[in-house]
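Subject: The structure you asked about

Hi,

Here is the structure to look through. Have it open beside you while you read, and my notes follow below.

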Amino acid sequence: MLIRAIEEADRIVVGRLVLELWGAHTAVAHGEVFFPASLPGFLVEQQEQVVGLLTYAAADGRLEIVTIDALRRGRGVGTSLVEAAVHRARQIGCSRVRLTTTNDNLDALRFYQRRGFRLIALRPDAVREARRLKPEIPSVGDYGIPMTDELDLERWVGPR
């Protein structure tokens with residue numbers, strides 16, 4: 001498994017993956033619209049095939065994971081991507097890694113908490129607002145749970 005930074009030559013592949021996996025060229029969190037194909041990030045390749053993708057934005061001492069996808073689950077792809085983001089955060093002087101997910105995403109909540117992330121915020125009904133910016137967001141998510149709220153998780157990676 002090879003983990004490497006996204007390069008300009010990868011932008012078309014990243015754009016296709018984001019569209020396929022996220023249903024649009026945009027991602028929305030906490031009222032902000034992101035264009036993941038233009039963001040920095042990491043690809044995981046195995047036998048010359050992309051098996052993982054993470055994009056991020058960095059500002060104010062925080063690296064925010066915008067998208068993360070392990071195309072082959074249970075093989076360490078997601079964990080490798082998170083650790084690459086943590087390493088990059090430290091390299092660029094960020095003390096925290098943050099991400100936003102939705103209330104229906106129980107698998108993600110388990111995954112992130114097991115990797116040192118803590119819940120830091122709940123925004124009730126935030127997904128309704130997000131749908132105004134990205135109508136492709138479904139109303140029902142994982143396990144048939146109505147998708148209504150945003151949850152922020154954060155992991156400290158530097159000095160407090």
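To start with a puzzle: which side chain meets that of Arg96 in a salt bridge? Keep in mind as you look that this is a predicted model. The partner is Glu154, with an N to O distance of 3.7 Å. Arg96 belongs to strand β7 and Glu154 to strand β9 (residues 150-156), so this pair ties together parts that sit 58 residues apart in sequence. Glu154 counts as buried because its relative accessibility is 10%, and the cut-off for buried is under 20%.

**Other salt bridges**

The count of salt bridges comes to 11. Here are a couple more to click on.

Arg11 and Glu8 bring their side chains together in a salt bridge at 3.6 Å, N to O. The two ends of that pair sit in contrasting settings: Arg11 is buried at 18% relative accessibility, whereas Glu8 is exposed, with a relative accessible area of 63%.

Then there is Asp107, which forms a salt bridge with Arg110; their closest N and O atoms are 3.8 Å apart. Both are in helix α3, and because they are three residues apart there, about one helical turn separates them. Asp107 is partly exposed at 21% relative accessibility, and Arg110 is partly exposed too, at 49%. Elsewhere, Arg98, Arg123, Glu150 and Asp152 are joined into one network by salt bridges that share partners.

**The annotated stretch**

The UniProt record, an unreviewed entry, carries the annotation "domain: N-acetyltransferase" over residues 1-138. Across residues 1-138 the chain is 32% helix and 36% strand, and the C-alpha atoms at the two ends are 33 Å apart.

**The largest pocket**

The largest pocket holds about 1,300 Å³ of space. It is lined by 45 residues, and the closest to its centre are Trp22, Ile68, Asp69, Asn105 and Ala108. Quite a few elements give two or more residues to that lining: α1 (11-22), β2 (27-29), β6, α2, β7 (96-102), α3 (106-114) and α4 (126-133). The largest share comes from β6, with seven residues. Sorted by class, the lining has 21 nonpolar, 10 polar and 14 charged residues.

**Helix α2 and the loop before it**

Helix α2 covers residues 77-91, and its length is easy to check. At 1.5 Å a residue, its 15 residues should span 21 Å, and the end C-alpha atoms are 21 Å apart, so the two agree. A good number of its residues are buried: Val77, Gly78, Ser80, Leu81, Val82, Ala84, Ala85, Val86 and Ala89. Just after the helix, Gly93 takes a positive phi of about 85°.

The loop between β6 (62-70) and α2 is where you will find Gly76. Gly76 counts as partly exposed because its relative accessibility is 31%. Its C-alpha atom is 21 Å from that of Trp22, and the two residues are 54 apart along the chain. Leu71 lies in the loop between β6 and α2 as well, and Leu71 is partly exposed at 37% relative accessibility. The C-alpha atoms of Leu71 and Glu45 are separated by 10 Å, with their positions 26 residues apart along the chain.

**Two backbone angles to look at**

Which residues other than glycine have a positive phi here? Two to look at are Asp60, with phi near 55°, and Asp125, with phi near 60°. Most residues other than glycine have a negative phi.

Both sit in loops. Asp60 is in the loop between β5 (49-59) and β6, while Asp125 is in the loop between β8 (118-123) and α4. With a relative accessible area of 68%, Asp60 is exposed; Asp125, at 39%, is partly exposed.

If you only have a few minutes, I'd go to the Arg96 and Glu154 salt bridge, and then to the lining of the largest pocket, where β6 gives seven residues.

Cheers

Conventions
Residues are numbered from 1 along each chain as its sequence is written. This is a predicted model: local features need pLDDT of at least 70, side-chain atom pairs count only at pLDDT 80 or more; totals for chains, interfaces and linings use all residues. Side-chain values use heavy atoms; hydrogens and water are left out. Helices (H or I, at least four residues) and strands (E, at least two) are DSSP runs, numbered from the N terminus. The expected span of a helix is 1.5 Å times one less than its number of residues. Buried means under 20% relative accessible area, exposed over 50%, partly exposed in between (1.4 Å probe, protein chains only). UniProt positions are given in the numbering used here, feature names are shortened, and annotations may be inferred rather than shown by experiment. On a 1 Å grid over the protein atoms alone, a cavity is a set of points where a 1.4 Å probe fits but cannot get out, and a pocket is an open set with protein on both sides within 12 Å along at least five of seven lines; lining residues have an atom within 4 Å of a point. Grid points are joined across faces, edges and corners, and a volume is the space filled by probe spheres set on the points. Ala, Val, Leu, Ile, Met, Phe, Trp, Tyr, Cys and Pro count as nonpolar, Asp, Glu, Lys and Arg as charged, and the others, Gly among them, as polar. A salt bridge is a side-chain nitrogen of Lys or Arg within 4 Å of a carboxyl oxygen of Asp or Glu.
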